[in-house]
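Reader: I am new to protein models, and I would like to learn how to read one step by step. Could we look at it together?

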Amino acid sequence: MQTWLLTAIIFSPLLGVLLLWLPPRGSDRSIRRSALFYSVVTFGLAVFALFKFYGVAPTDSQGDPKYLLQHWSYWLGDVEVMGDVADVEILYHVGVDGISIWLMVLTAFLMPLAIWSSFTSVRTRVREYFSLLLLLEVGLLGVFCAMDLLLFYIFFEFTLVPLYFLIGIWGGPARRKAANKFFIFTLSGSVFMFAAVLFLAYYSYSDSGLALGYITLNIEKLSQLAHAGFISTSVQWWLFLAFAAGFAIKVPLFPVHTWLPLAHTEAPTAGSVILAGVLLKLGTYGFCRISLPMFPHATMTLAPFVACLAIAGIIYTALAAWVQTDVKKLVAYSSVSHLGFCILGLFSLKITRVNGAVIYMINHGLSTGALFLIIGYIYERYHTRDINEIGGLARKMPWLTFFLVFFTLSSIGLPGLNGFVGEFLVLLGTATSNTTNDLRAAGPLGYGYAIPAAIGIILGAVYMLWMCQRVLFGPLKEPPNTPDTSTGLSADLTGREIFILVPVAVLCLAIGVYPNPLLDTFTIATEQHVLRTPASHSWSVTEAGDDLQEEIKRADPMRLVESTSVNNLERVSVGNVGSDDLSTKKLGITPVFSSYPVTTPGMFLLNPVTKSSVAKTDHPETDAMTDGRSR
Amino acid sequence: MPASNLLTQLLPELILLVGACGLLFLGATRLAASRSFLPFAGVLVLVAALVVTIRRGEPDGSFAAMGLWISSLTHYVRWVALSVGILILLVNWYLPVQEERGEFVALILLSLLGVLLTASANDWLVLFFAIELVSIPTYILIALSRLDQRAAEASVKYFFLGALSAAILAFGLSFLYGASGTTQIQHIAGGVISLTLPSTGELGSIAMIGFLFVLAGLAFKVAAVPFHVYAPDVYEGAAAPITGMLGFVPKLAGFVALIKLFAAIGWNLPIEIKWLVWILAAVTMTAGNVIALLQDNVKRMLAYSSIAHTGYMLVALLIGPVAGEGPMHDGVAALLFYIAVYGAMNLGAFAMIASFGRKHGELETLDDMNGIASQAPAVALALAICVFSLMGFPPTAGFIGKLYILTAAFSFSADHAFAQPLLVLAIVAVVNTVISAGYYLRIVAAAYVGKSSTPANPTGGFTLRWGLAVCSLAMLVLFVWPRGLAGQASRATAAIHDSVSAAHTVVRVDTDFGNAQVDRTSP
Amino acid sequence: MLTIGLTHYLIVAAVLFCTGLFTMITKRNAIGILIGVELVLNSANVNLVAFDRYLGSERMDGQIVALFAIVLAAAEAALAVGICINVYKNLATIDVDSASQLQG
């Protein structure tokens with residue numbers, strides 16, 4: 001069933017941009033307020049979508065638990081339509097699952113804060129500034145909701161344009177170089193992704209590939225086919241590398257991270273907040289949504305390599321952050337470091353550790369976004385970000401001190417705040433990745449990877465606390481003629497600025513204390529969509545029968561998705577595990593890899609693309625077990 | 001063939017011809033004194049021709065007489081040429097001085113007439129003349145566009161190189177005539193005109209020489225490397241609105257002629273020719289993009305970008321209609337789509353340059369373009385859309401065009417002989433997109449990020465801006481709804497598919513020069 | 001006695017073509033370049049007539065095309081002279097090497 005909600009959410013900032021340009025010469029004040037209003041409206045719609053999502057929750061057998069709130073319409077389809085499947089099935093197709101809805105809400109949440117925080121710092125070309133921010137929001141929301149590869153790519157690329165202008169026009173002294181480097185660097189990675197997307201389009205059609213007889217780029221369909229073993233391993237390797245080229249630059253992964261510190265230091269505050277808070281998640285989200293599901297074999301094999309790069313990144317950028325004197329650059333490097341953690345968690349390929357990586361994404365968005373906001377406040381008052389020039393601000397700015405310390409601790413991973421949840425899960429996942437004591441298949445990483453990562457955490461604590469100490473405590477040091485209160489600021493944070501930070505802080509605390517709702521949602525989504533089946537060292541591609549191919553061919557994406565709904569689902573209670581019970585007689589489906597344990601109540605066996613002719617691997621589960629969820 | 005049938009089939013072309021002559025006549029009267037009357041009349045003529053084209057609907061390809069063949073390809077080219085022609089006239093509205101207004105508009109109409117005839121041509125002679133009809137008015141238009149030394153110099157260069165290319169084309173056509181024994185390009189009602197030898201089924205040496213010379217002559221027209229050397233100088237010398245026309249009209253004619261040339265041998269290109277075109281495409285793309293990075297003059301930069309786009313279109317041409325139907329498999333449909341989109345975006349970019357002037361009558365260097373966005377946000381936005389479309393960046397129609405070409409390049413099955421080189425060529429195209437971003441960004445950055453203390457003088461009047469607006473809107477609209485144009489393009493290539501057939505030969509020429517005996521088998 | 005066959009005419013045409021090309025490249029005088037263009041066009045004409053003569057009886061297509069090509073060459077020559085006049089008005093010479101403002 002379709003609903004317009006997601007399309008409305010994605011394009012309402014665009015409507016806001018158009019409305020913003022309608023009055024010929026609005027005053028700056030009204031422009032700012034309208035922009036804020038439009039972004040708040042988008043956030044409201046996003047929260048409404050969140051409620052709707054949970055309303056049609058997986059426990060509700062009426063709803064479609066895989067992707068909710070979908071909307072699709074034929075876009076690049078060819079003129080001829082064969083039956084009800086078009087010859088070319090590249091649609092405008094949006095939908096959310098557990099992971100994407102929260103990332104989308106995060107985006108919609110951060111944007112009003114970013115807009116509100118630029119009220120005093122942007123004085124020139126105000127209308128263009130806010131319209132660019134809103135355009136950026138369109139792109140970001142679109143990426144998270146896209147269910148078609150081409151649409152994903154389009155929104156992914158589109159985010160480059162507004163950010164290029166934001167950095168280039170309102171940025172710091174080296175802004176043109178930073179904007180150019182950012183654009184060209186990211187573009188060069190993503191064009192390889194583009195070539196890979198188009199290759200997949202051909203591959204889905206050709207007889208030597210998926211032999212569907214028509215072109216499709218539907219993420220869900222391709223992932224299911226990939227997990228059923230239809231994409232050959234050599235093709236997987238090349239495609240993984242091509243997609244990784246695009247995502248790795250965006251994340252950013254270690255050797256190709258050099259654009260980030262430059263872009264961050266030169267970007268205006270709101271630009272930095274969105275860049276760190278959301279844009280970097282595009283890379284990790286891309287890995288999580290596309291690379292992991294669609295290229296499981298390649299992921300499994302290349303995961304150690306990627307993890308090594310991630311660890312190298314963690315340590316290297318942590319050390320680089322340690323020696324920075326520019327506060328913003330320091331936080332930028334710490335951002336890279338933290339995202340290295342995220343990648344590590346993703347590639348540990350254990351279900352509930354991947355969801356640790358996902359919650360890490362959210363946490364990082366919140367805490368780093370807030371850190372950049374605070375740095376922005378400092379910069380507005382002192383016009384410098386150099387640690388050597390400012391110090392001891394705690395005496396003059398108690399509120400700032402509170403928030404800076406709070407978010408520093410959140411970023412470091414103090415237990416009780418949100419950072420800890422993510423870091424702990426990621427470390428645990430990395431360390432236990434290659435064990436099977438929870439009777440899931442082994443992942444590729446292990447203790448050897450976790451130890452350097454833990455060192456990275458320690459380094460993170462070192463430089464962040466050191467930065468706090470230099471900036472906040474000690475003797476008061478201010479550059480002359482500051483703080484600059486000309487634009488209506490006060491020495492300490494104004495009410496508006498406090499009001500911006502408070503929701504973020506509340507969320508950080510809430511997630512830190514009670515992350516379960518998020519983690520549950522992520523677990524379901526991760527199992528259904530990202531990992532589907534546990535990646536196993538003993539990967540055996542089973543030959544599914546011809547009728548399976550036929551079924552896939554005939555299925556239209558909605559039907560494929562719907563086939564997971566009502567009549568194929570059944571709650572499996574504890575003790576009822578083992579593929580014998582989940583027999584074809586009862587459900588009409590069997591898992592491809594029977595080492596996929598479906599255990600506790602509230603989880604669904606969801607692997608509808610399988611038929612009876614599958615091999616059984618040798619993991620007999622007969623006992624009820626708990627999975628490693630952080631319950 | 002009743003004369004009335006021919007007249008009705010060729011009605012759009014006749015309207016253009018009569019309109020051009022009428023405008024020549026009117027140009028000598030007092031009506032030319034008004035700045036808008038003659039261009040307006042020209043637009044009316046084009047609109048009339050377009051309306052006739054729409055009313056007649058898609059031809060079924062059955063009318064083939066007198067060296068012409070009205071097919072779906074004709075219909076598509078009529079649509080594209082006439083619509084972009086209206087935009088060209090809008091952009092060129094203000095350009096000519098009073099004494100030359102009639103000739104100016106009439107020459108544009110005659111050039112467009114040449115394009116229409118290229119698409120209908122089924123005879124080498126008609127094709128040759130149509131191509132000349134496209135080019136000759138442009139030689140004069142460049143000289144008329146600006147009354148200064150650079151325009152005269154550009155006109156001379158373009159003329160002589162164009163004349164050389166026409167002569168090479170004629171030389172090649174003579175060999176093709178000798179090889180096939182007739183000047184007809186494709187046989188319509190059964191039978192075939194084949195350039196291949198009966199003994200080996202491949203092109204004999206005479207046909208091969210002819211083919212290569214025709215290819216060289218047409219490569220001049222579309223500004224492929226190494227026949228591109230006139231393009232930067234000519235594009236810089238002519239006034240920007242005329243350059244917008246130059247970047248589209250000869251290219252459209254040249255590519256349509258190339259399509260017909262390849263169709264004449266049934267798209268069974270010998271492997272040497274395939275590699276030749278491969279190298280041509282790769283070098284054109286790369287050289288165009290790399291040299292553009294070194295330019296400081298915006299018009300030269302756009303000229304080299306024009307050359308690079310020819311490279312992309314050559315890739316599409318090389319793919320041919322072999323891999324399937326629809327623009328995601330069929331290279332020719334992708335080519336037709338791309339050239340239509342390219343015409344609009346190129347015109348838009350040059351129109352923007354024409355709409356402001358700093359030191360010269362128009363924006364010449366990157367420094368001239370500083371700060372336009374603060375002064376004229378709508379024009380700068382239109383420029384940004386056109387430039388991002390040239391870059392092939394979403395959400396513009398240029399992205400869709402590149403998408404079609406790249407997907408068609410991947411569409412060969414793995415056991416096709418040329419699949420791997422095409423894959424490599426696609427990767428080269430992708431890398432070139434990144435290289436091109438380097439200089440396209442500079443243009444946009446100058447307009448948006450750069451600052452200038454002197455305001456730019458607006459020139460060109462409101463029709464120029466309307467033309468610019470329509471071009472950029474078309475980019476966005478075609479992104480959201482490409483199916484209309486893409487569907488038309490794939491129907492246009494149906495005409496090409498039908499010509500790929502085997503059967504009798506008409507006249508053969510044996511392989512070596514030493515033994516030029518005729519071997520005639522009757523059909 | 002030497003039998004003049006098709007090959008000989010083709011060679012003559014090729015020689016004409018090369019001569020015309022060489023003339024175009026080396027001449028500095030604009031009219032000289034025009035002469036080169038004419039030579040190349042005429043080489044095509046020779047080809048066309050030769051194919052007609054030697055490839056079967058009562059064939060006229062090539063000769064007709066040759067006639068049309070002559071007309072085209074004449075029209076282009078008229079045009080060329082017009083353009084040369086325009087250049088002369090702007091640059092006071094028809095030496096094409098002096099038209100060098102647009103470089104590269």
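Reader: Are helix 7 of chain A and helix 18 of chain B roughly parallel or roughly antiparallel to each other?

Author: Please keep in mind first that this is a predicted model. To judge the direction of two helices, one takes the angle between their axes, each read from N to C, and an angle over 145 degrees counts as roughly antiparallel. Here the axes of helix 7 of chain A and helix 18 (residues 419-448) of chain B cross at roughly 155° and come within 10 Å, and the two helices are therefore roughly antiparallel to each other. The crossing of helix 7 of chain A with helix 18 of chain B is right-handed.

Reader: Which residues of helix 7 of chain A meet helix 18 of chain B?

Author: A general idea helps with such a list: an α-helix has 3.6 residues a turn, so residues three or four places apart point the same way. In helix 7 of chain A the residues that meet the partner include A:Asn180, A:Phe183, A:Ile184, A:Leu187, A:Val191 and A:Ala195, while in helix 18 of chain B they include B:Ile427, B:Val430, B:Val434, B:Ala437 and B:Leu441. By class, this contact of helix 7 of chain A with helix 18 of chain B has 14 nonpolar, four polar and one charged residues.

Reader: How many residues does each chain bring to the whole contact of chain A with chain B?

Author: Chain A brings 32 residues and chain B brings 28 residues. On the side of chain A that touches chain B, at least two residues each come from helix 5 (149-158), helix 6 (160-170) and helix 7 (175-205) of chain A, and helix 7 gives the most, with 14 residues. This side of chain A is made up of 20 nonpolar, six polar and six charged residues.

Reader: How many residues does chain C give to its contact with chain B?

Author: Chain C gives 38 residues, and chain B also gives 38 residues. On the side of chain C that touches chain B, the elements with two or more residues are helix 1 (6-26), helix 2 (30-54) and helix 3 (61-91) of chain C, and the largest share, 14 residues, belongs to helix 3 of chain C. The classes on this side of chain C are 26 nonpolar, ten polar and two charged residues.

Reader: How are two helices within one chain arranged, for example helix 6 and helix 11 of chain B?

Author: The reading is done in the same manner. The axes of helix 6 (residues 124-145) and helix 11 (residues 249-264) of chain B come within 10 Å and cross at roughly 165°, so these two helices of chain B are roughly antiparallel to each other. Helix 6 of chain B passes helix 11 of chain B in a left-handed crossing. Among the residues that meet are B:Leu127, B:Ile131 and B:Val134 in helix 6 of chain B, with B:Val249, B:Ala253 and B:Ala257 in helix 11 of chain B.

Reader: How many residues of helix 3 of chain A are buried?

Author: A residue counts as buried if 20 or more other C-beta atoms lie within 10 Å of its own. In helix 3 (residues 98-117) of chain A, which has 20 residues, 20 of the 20 are buried, so this helix is largely enclosed by the rest of the structure. For chain A as a whole, buried residues make up 61% of its 631 residues.

Conventions
Residues are numbered from 1 along each chain as its sequence is written. Chains are lettered from A and ligands numbered from 1 in the order in which they are written. This is a predicted model: local features need pLDDT of at least 70, side-chain atom pairs count only at pLDDT 80 or more; totals for chains, interfaces and linings use all residues. Two residues are in contact if their C-beta atoms, placed from the backbone, lie within 7 Å. Helices (H or I, at least four residues) and strands (E, at least two) are DSSP runs, numbered from the N terminus. Ala, Val, Leu, Ile, Met, Phe, Trp, Tyr, Cys and Pro count as nonpolar, Asp, Glu, Lys and Arg as charged, and the others, Gly among them, as polar. A residue is buried if 20 or more other C-beta atoms lie within 10 Å of its own, exposed if 12 or fewer, and partly exposed in between; C-beta atoms are placed from the backbone. Axes are lines fitted to C-alpha atoms, for helices over the stretch in contact, and angles run from 0 to 180 degrees between N-to-C directions. Angles under 35 degrees count as roughly parallel, over 145 as roughly antiparallel, 65 to 115 as roughly perpendicular and the rest as oblique. A crossing is left-handed if the near helix is turned anticlockwise from the far one by less than a right angle, and right-handed if clockwise. The expected span of a helix is 1.5 Å times one less than its number of residues.
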